[in-house]
Amino acid sequence: MKVLWEREIPADEIVVSPRPVWKCRSCPMYGRRPSCPPHVPDWREAKEWVRHFKRALIIKFEIDMDRFEQDKREALLYLLKREEEFFREGKMYATALFPGNCNLCDDCPFERGEPCRMPTRVRPSIDAIGIEIGRLVKIDFSESVLYGMVLIE
């Protein structure tokens, strides 16, 4: 995993709608991970929540598709590290948003109906709460990349 860039944006540029959430329903991980619907706030609640932030950080990660799960896990950990850095700077409501479903654990107990091993580290995915990432970045499907976000303040 490699961080290609980080870009701060005004949070009022973030579009939240039901469209990404409906797309989630076609994913095989729908409902199976704690970062996915229906285990996260719905898009209406997320829209209200995002409205209370002023800034957000978008991070573009390059991923080696041969190491997808490992690289994605590194991206999630990087997002959590950035969230913690903002928190230590006094941004107490800074919150990371994952690119897709959580894969912090190699073997997710949540999928088997057991409690999550890392409930304090799991964050919703960008799509799961309705953020239209394609309105903020140019999506190029020839790239092997993931986008993460940290709502800052």
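Trainee: What covers the buried residues of helix 3?

Mentor: The cover includes strand 1 (2-10), strand 2 (55-62), strand 3 (95-97) and strand 4. Keep in mind that this is a predicted model.

Trainee: What makes a residue of helix 3 buried, and which residues are buried?

Mentor: Buried means under 20% relative accessible area. The residues of helix 3 that meet this are D71, K72, R73, A75, L76, Y78, L79, L80, R82, E83 and F86. Therefore each of these residues has a relative accessible area under 20%.

Trainee: How do you know what span to expect for helix 3?

Mentor: Take 1.5 Å times one less than the number of residues. Helix 3 covers residues 68-88 and has 21 residues, so the expected span is 30 Å. From its first C-alpha to its last, helix 3 reaches 30 Å, close to that expectation.

Trainee: What follows helix 3?

Mentor: G90 does, with a positive phi near 100°.

Trainee: Why is the space lined by R33 and P34, among others, called a cavity?

Mentor: A 1.4 Å probe fits there but cannot get out, so the space counts as a cavity. The search of the whole structure finds one cavity of 30 Å³ or more. The largest cavity has a volume of about 70 Å³. Its lining also includes C102, N103, L104, C105 and C108.

Trainee: What makes residues of that lining nonpolar, and how many are there?

Mentor: Cys, Pro, Leu and Val are among the types that count as nonpolar. By that rule the lining of the largest cavity has eight nonpolar residues, one polar and two charged. N103 is in this lining, and Asn is not listed as nonpolar or charged, so N103 counts as polar.

Trainee: Why is the largest pocket called a pocket?

Mentor: A pocket is an open set of points with protein on both sides, so the term differs from a cavity, where the probe cannot get out. About 910 Å³ of space lies in the largest pocket. It is lined by 32 residues, and the closest to its centre are G100, D127, I133, I139 and F141. Helix 1 (19-24) and strand 4 (145-151) each give two or more residues to this lining. Helix 1 gives the most, with four residues. By class, the lining has 19 nonpolar, six polar and seven charged residues.

Trainee: Which residues are closest to the centre of the second largest pocket?

Mentor: V21, R25, P37, D42 and W43, out of 13 lining residues. About 170 Å³ of space lies in this pocket. Its lining has ten nonpolar, no polar and three charged residues. Helix 1 and helix 2 (43-50) each supply at least two of them.

Key. Residues are numbered from 1 along each chain as its sequence is written. This is a predicted model: local features need pLDDT of at least 70, side-chain atom pairs count only at pLDDT 80 or more; totals for chains, interfaces and linings use all residues. Side-chain values use heavy atoms; hydrogens and water are left out. On a 1 Å grid over the protein atoms alone, a cavity is a set of points where a 1.4 Å probe fits but cannot get out, and a pocket is an open set with protein on both sides within 12 Å along at least five of seven lines; lining residues have an atom within 4 Å of a point. Grid points are joined across faces, edges and corners, and a volume is the space filled by probe spheres set on the points. Buried means under 20% relative accessible area, exposed over 50%, partly exposed in between (1.4 Å probe, protein chains only). Contact means heavy atoms within 4.5 Å.
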